[in-house]
Amino acid sequence: MSATGKKVRVLIVDDSTLMRQLLAAVLSVDEGIEVVGEAPDPFDAREKIKALNPDVVTLDVEMPRMNGLDFLRKIMELRPTPVVMISSLTQAGADTTLEALEIGAVDFVAKPADNSAMLQLGGELIPKIKGAANTRLRRRVAAPQQRQPVARKSFVPARGSVDKLIAIGASTGGVEALKAVLMLFPEDAPPIVIAQHMPERFTAAFARRLDGECRMRVHEAAHDQPIERGHVYIAPGGHHLEVAKRGSALVCALNDGPLVSGHRPSVDALFNSVARVVAPNAVGAILTGMGRDGASGLLAMRKAGCHTFGQDEGTALIYGMPRVAWEIGAVESQHGLFDITEAILNACAGKNAPAMAAAGH
């Protein structure tokens with residue numbers, strides 16, 4: 001159901017008749033979803049969006065007559081509608097999907113390689129459809145030009161301060177949010193470790209994309225990789241990223257353990273490791289996303305003396321993870337998307353008051 005208690009009305013757009021039928025069958029299992037129509041190409045989809053006014057559109061990345069990205073741009077410009085992309089598990093599919101998320105798609109799922117994987121797809125797609133229906137879609141999230149901050153040219157810590165580590169968690173809406181946040185860090189900023197809910201193959205493409213646009217160097221994290229100033233480490237899809245010590249040095253530690261808070265990579269797994277290994281010399285931030293992954297881990301960081309921040313409701317695509325973290329006292333203060341980097345850097349530089357040693361606002 002949507003936030004209003006009504007069924008979520010879905011339009012399926014895919015050039016494959018079989019895939020349209022399979023998606024309709026998977027979604028129709030849930031009583032809170034109604035498939036109101038199907039379209040084989042963007043031109044038919046455009047007319048059906050006008051006629052049916054769906055709450056959510058599922059859109060194949062690769063479409064005939066007009067590619068999915070061009071169609072998505074038109075949707076976002078003319079009739080903003082929550083879109084969940086159906087992506088192929090290829091390098092080209094990953095790159096296209098990440099571009100779609102930057103254009104305005106709410107989320108994506110990887111297209112199953114065979115029919116047997118359709119059962120797993122339902123468990124992933126249904127909550128994403130429902131989450132998309134409850135987003136407050138904007139034509140594009142952008143700070144007013146006169147207020148948008150400029151990235152610092154360098155990072156200057158307070159005299160005598162200890163080197164810091166920054167840990168960030170995100171889920172739905174995180175591709176755009178993380179780009180906005182990371183673009184504002186100077187090239188010599190403290191190291192950053194990130195858990196973003198994303199499947200295998202996509203995280204490598206995401207890291208490459210960010211590395212080409214940010215001042216810091218961005219990597220898909222590797223096991224035992226040293227954690228160094230000026231570098232960002234993104235948890236690989238399907239693997240937990242934790243922070244460990246090798247002697248006096250910090251390194252990335254990957255594992256394929258059980259799901260934590262329903263995810264792998266898990267934000268809670270990352271934050272809890274930071275609380276154990278690095279606290280209080282760390283700063284944590286939780287960004288847009290569905291569910292509650294990261295809330296308890298951020299609370300552990302705050303209780304251990306770390307500064308902790310959350311994205312505010314006004315700028316989060318989905319105010320789920322930040323809301324839970326705020327409500328349980330894990331978040332020291334909330335900030336808009338274009339202000340959270342400054343809060344993190346100030347905390348790293350020792351310009352904020354010490355974080356509370358226990359939960360509570």
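The following dialogue examines a predicted model of one protein chain through questions and answers.

Student: How many helices and strands does the secondary structure of the protein chain come to?
Tutor: The chain has 361 residues, and buried residues make up 55% of them. Its secondary structure contains both kinds of element, and the count comes to 11 helices and 14 strands.

Student: What percentage of contacts between residues at least 6 apart in sequence join residues at least 24 apart?
Tutor: The question concerns contacts in the protein chain between residues at least 6 apart in sequence. Among these, the share that joins residues at least 24 apart is 73%.

Student: What share of the accessible surface belongs to carbon and sulfur atoms?
Tutor: The accessible surface of the protein chain comes to about 15,000 Å². Of this surface, the part that belongs to carbon and sulfur atoms is 51%.

Student: Which residues form the aromatic pair?
Tutor: A search of the whole structure finds one aromatic pair. Its rings lie 4.7 Å apart, centre to centre, with 40° between the planes, and the pair is tilted. The residues are Phe108 and Phe202.

Student: How many residues apart in sequence are the parts that this pair ties together?
Tutor: Phe108 belongs to strand β5 (residues 107–110), whereas Phe202 belongs to helix α7 (residues 202–211). The pair therefore ties together parts of the chain whose separation in sequence is 94 residues.

Student: Is Phe202 buried or exposed?
Tutor: A residue counts as buried when its relative accessible area is under 20%. Phe108, with 4%, is buried. The relative accessible area of Phe202 is 0%, so Phe202 is buried.

Student: Which residue has its charged end over the ring of Phe108?
Tutor: The charged end in question sits 5.4 Å from the centre of the Phe108 ring. The residue is Lys128.

Student: Which residues is Gly174 in contact with, leaving aside its neighbours within four places in sequence?
Tutor: Gly174 is found in helix α6 (residues 174–182), and it counts as buried at 1% relative accessibility. One of its contacts is Thr288; these two residues are 114 residues apart in sequence, yet 6.0 Å apart in space, C-alpha to C-alpha. Apart from the sequence neighbours, Gly174 is in contact with Lys179, Gln196 and Thr288.

Student: Which elements do the buried residues of α9 pack against?
Tutor: Helix α9 spans residues 295–303, and its buried residues are Ala295, Gly297, Leu298, Leu299, Met301 and Arg302. The helix is followed by Gly305, whose phi is positive, near 100°. The buried residues of α9 pack against α8, β12, β13 and α10.

Student: What is the distance, N to O, in the salt bridge of Glu38 and Arg20?
Tutor: Side chains of opposite charge can pair when their charged atoms come close. The count for this structure comes to 18 salt bridges. The side chains of Glu38 and Arg20 meet in a salt bridge with an N to O distance of 3.6 Å.

Student: Which elements hold Glu38 and Arg20?
Tutor: This pair links distant parts of the chain, 18 residues apart. Glu38 is partly exposed, with a relative accessible area of 29%, while Arg20 is buried, with 11%. Glu38 lies in strand β2 and Arg20 in helix α1.

Student: Which residues are linked with Arg209 in a network of salt bridges?
Tutor: Arg209 forms a salt bridge with Glu102, the closest N and O atoms being 3.1 Å apart. Arg209 lies in helix α7 and Glu102 in helix α4, so the pair ties together parts that are 107 residues apart in sequence. In the network, Arg209 is linked with Glu102, Lys179 and Glu213.

Student: Where does Glu313 lie?
Tutor: Glu313 forms a salt bridge with Arg323, the closest N and O atoms being 3.6 Å apart. Arg323 is in helix α10, 10 residues away in sequence from Glu313. Glu313 itself lies in the loop between β13 and α10.

Student: What average pLDDT does the protein chain have?
Tutor: Of the residues, 88% score at least 70. Over residues 139–146, however, the pLDDT is below 50, and pLDDT stays under 50 over residues 353–360. The average for the protein chain is 89.

Note on methods. Residues are numbered from 1 along each chain as its sequence is written. This is a predicted model: local features need pLDDT of at least 70, side-chain atom pairs count only at pLDDT 80 or more; totals for chains, interfaces and linings use all residues. Side-chain values use heavy atoms; hydrogens and water are left out. Rings of Phe, Tyr and Trp (its six-membered ring) pair if their centres lie within 6.5 Å; planes under 30 degrees apart count as stacked, over 60 as edge-to-face and the rest as tilted. Helices (H or I, at least four residues) and strands (E, at least two) are DSSP runs, numbered from the N terminus. Buried means under 20% relative accessible area, exposed over 50%, partly exposed in between (1.4 Å probe, protein chains only). A charge sits over a ring if NZ of Lys or CZ of Arg is within 6 Å of the ring centre and within 35 degrees of the ring normal. Contact means heavy atoms within 4.5 Å. Accessible areas come from the Shrake-Rupley method with a 1.4 Å probe; for residues, only the protein chains shown count as cover. A salt bridge is a side-chain nitrogen of Lys or Arg within 4 Å of a carboxyl oxygen of Asp or Glu. pLDDT is the predictor's confidence in each residue, from 0 to 100.
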